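Please walk through this structure with attention to where its parts meet, starting inside one chain and then moving to the boundary between chains.

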Amino acid sequence: MKVRIRFSKEGPVRFVGHLDTMRCFQKAVRRAKLPAAFSGGYSPHMIMSFASPLGVGVESEGEYFDLELAEELPVEEIKERLDQVMPEGLHVTGVRCVPDGKKGNAMSLVAAADYRVRFRSGKEPEGVLSDLIDRFMAQKQIFITKTTKTGEHQVDIRPFIYEMRAEEDCIFYRLASASANYTRPDTVTDTFLAFVTGREPEPFSYRIRRLEIYADQGTEEAHVFRSLLESGEQV
Amino acid sequence: MRELALPDEILLSVDKAARYIGGEVNAVIKDKDSVNIRFAMCFPDVYEIGMSNLGIMILYDMFNQRDDVWCERVFSPWPDLDALMRKEHIPLFALESQERLKDFDFLGISLGYEMCYTNVLQVLDLSGIPLISSERGEDDPLVIGGGACTYNPEPLAMFFDLFYIGEGETSYDALFDLYIENQKNGGSRQDFLRKAASVPGIYVPSLYEAAYKEDGTIASFSPLYEDVPSVVEKQVVTDVRHEYHVIHRPVVPFIKATQDRVTLEIMRGCIRGCRFCQAGMIYRPTRQRDVEELKATAKEMLDATGHDEISLSSLSSSDYEALPELVNFLIDEFQDQAVNISLPSLRIDAFALDVMSKVQDVRKSSLTFAPEAGSQRLRDVINKGLTEEVILKGAGEAFRGGWNRVKLYFMLGLPTETEEDMKGIAHLAEKIAEEYYEVPKSERHGKVQVNVSTSFFVPKPFTPFQWAKMCREEDYTQKARIVKSEIRSQLNQKSIHYSWHEPDVTVLEGVLARGDRRLGPVILAAYKKGALFDAWTEMFRYDLWKEAFAETGVDPDFYTLRERTEDEIFPWDFIDAGVTKRFLLREWKQAAEEKVTPNCRAKCSACGARKYGGGVCFESTDPVF
């Protein structure tokens, strides 16, 4: 049985890095006495795959991983048992059955993600936020410099910003997040700030929160985004 | 949700921010207003090292079982954070509450090794607690030290208000009760310290005075007041079945600690009596924990932590009599749940090889032998029972069982050591390599690899070698060169890899291990010059220490290059550690005569630990002797 688990990561635990968060869940699965399936060999490990790494310091309401179980269990029971053994700041908010096998795992499904960026007090850009965003988004192209193994490249990220709007004094984003077009919310925000202020943004001006991760059940031209929990087939 | 002491911009700028946030599974949160005592438990090294220390985790769990005490943890901030805290004037805080240490009642510091002494000062300094105990006021925490280094606490005497000598289970309750009572009665810090001096195992350094002879040795060491005991008794859990504090829910770090596993302590003490080994002397008598209790505890701790590995802990696991039963239980119970079983400090014999082949991948693992000395003569001097025959037999069996990697640990600079003893290291490594090629080619797995590692011997208090002199730095280097060149002239030299530790740390460790109160200013000067994390090779700055010695006018050679006379008063003589000075002296002379002393089970050697009324001293109703 393969399940997709949705969790939130808030508060001090946001400073626990991606690999350590994975380790934390491996230990939690054991504490919850869930019948995890293991790989073979001398150092067997749980068959677990995370949808998308979350940066250190970033909070999230919608994180995902897939877990293979050796026995069938009701999803509600899995959710309850796992949530009870989580440390402060980590909560299991949903569990759903998904088809077995590697195909269609959480990571390969990721197409987009929502974020909320909150400015630290005194660090907000001057002006009406929604106007600034309109000006930014009115650009046909938004180039950033990406450094890869083969050198520096100019990449147009405008197509990857599916949505950007003001939510009170925060910015809401829906950004492309597949492996080929993964777009970082801090990159977009820094580019936005540089555009509206004409200066390099100050470090630590804002805090990022991921809200949800989506699969795309539509087409390249007409996206139909469904959260990874909704897009898991009910088995 | 808890508020963090450090702002985001700092946490995002330092390496491994999760070291500083607390909130781990099984960390204890209490209402600070509902407790009488707030205790900060510190291991003065980085989080990953400190969280691997069994001692502080036992005390953490034990203290928190009291409703009137909240014990939290604190570790040394890594230099990156250290610099930012000083720059931003952020005081050091405890992980659980994230509140500053200065407001705590106690700051307990575990002293596991001498090279952490400057880190002790860092913790005090960052906390805003005066470094020198006499400068602390009524509102400052009481700074109490514990752990192996308290068997000679004198180099740190000026920085600590109290030391707890021995195992924590016995006297902390009395100490806490006394503290609460003193507060209720409106007593002062001094009132408390004076009374605490009478609690068994508690040493209050400010209540004692040392006088020195012209040659620099101690003339006298005595309490300042009549009601202060002249001898401090080491504390021992006599009955490990009932008084041992079992941890039920160990804290589970987010980041990978050095010991990222359940640690199951199976035994305290060691029956072997190796003459260089401080642990083997100060933790006497050897006490074995009940195997049924261990089975239950193992299960409970794995359940409560979710760790995927359990490690048995003791000074010599092979001497735990129920080891086969315990290990087989762990394999049967947990191996199909993909739990690794790790068995350090096993003597290599048929049983060990059988067990190891069950719990690890033979081809990826290596065997470890600790002959400690290269010749039988020198092994007799140090009372290391391991013979060449046993090592070669064990290695041979292992090679036939599929292993092809061997680690060998030795010490250089042991008392009476000659060039032949040093060369013996190379010869033993060669014989092991040759043993491998005795195995028929069809049964061998590639080439053999023999890894030889040497450290330099440091004489420690309460060992038979506490009278011994050490060598100069350059002499140590020369010894390592002799070993190296002898290894290079062996037939199988390509199969033998040699590594050794730098000697400068050894010399300093030697000074601090057997030092006295006059070293306090040296440690302070070294810290002020920037010495920190001295236990980390890449951060150790011997040049700073050399300057500190020069400026304070303290001669390090006095502590290292002198062979002590039989009647010299040692700085640690006021501690009753169980083993008597008479016994240690007898052993020192036996060593000179190259005579071995049988282990505690084979024959009692009247070391003095029998007075505690438990352990191996009383195990057999029908003694062998």
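Which domains does the domain assignment of chain B give? It gives domain 1 (8-233), domain 2 (250-346 + 595-625) and domain 3 (359-501), with bounds that come from an automatic or database domain assignment. This is a predicted model, in which local features need pLDDT of at least 70 and side-chain atom pairs count only at pLDDT 80 or more, while totals for chains, interfaces and linings use all residues. Residues are numbered from 1 along each chain as its sequence is written, chains are lettered from A and ligands numbered from 1 in the order in which they are written, and side-chain values use heavy atoms, with hydrogens and water left out.

Between domain 1 and domain 2 of chain B, 25 residues of the former are in contact (heavy atoms within 4.5 Å) with 21 residues of the latter. The area buried there, meaning the accessible area (1.4 Å probe) that the two parts lose on being put together, summed over both, is about 1,800 Å². In domain 1, L54(B), Y151(B) and E167(B) lose the most area to domain 2, together 27% of what that side buries. E167(B) also forms a salt bridge (a side-chain nitrogen of Lys or Arg within 4 Å of a carboxyl oxygen of Asp or Glu) with R268(B), the closest N and O atoms being 3.0 Å apart.

Turning to the chains, the contact takes 32 residues from chain B and 26 residues from chain A, and about 2,500 Å² is buried between them. M1(B), D8(B) and F254(B) supply 24% of the area that chain B buries against chain A. Seven salt bridges are counted between these chains, and K33(A) forms a salt bridge with D303(B), with the closest N and O atoms 2.9 Å apart.
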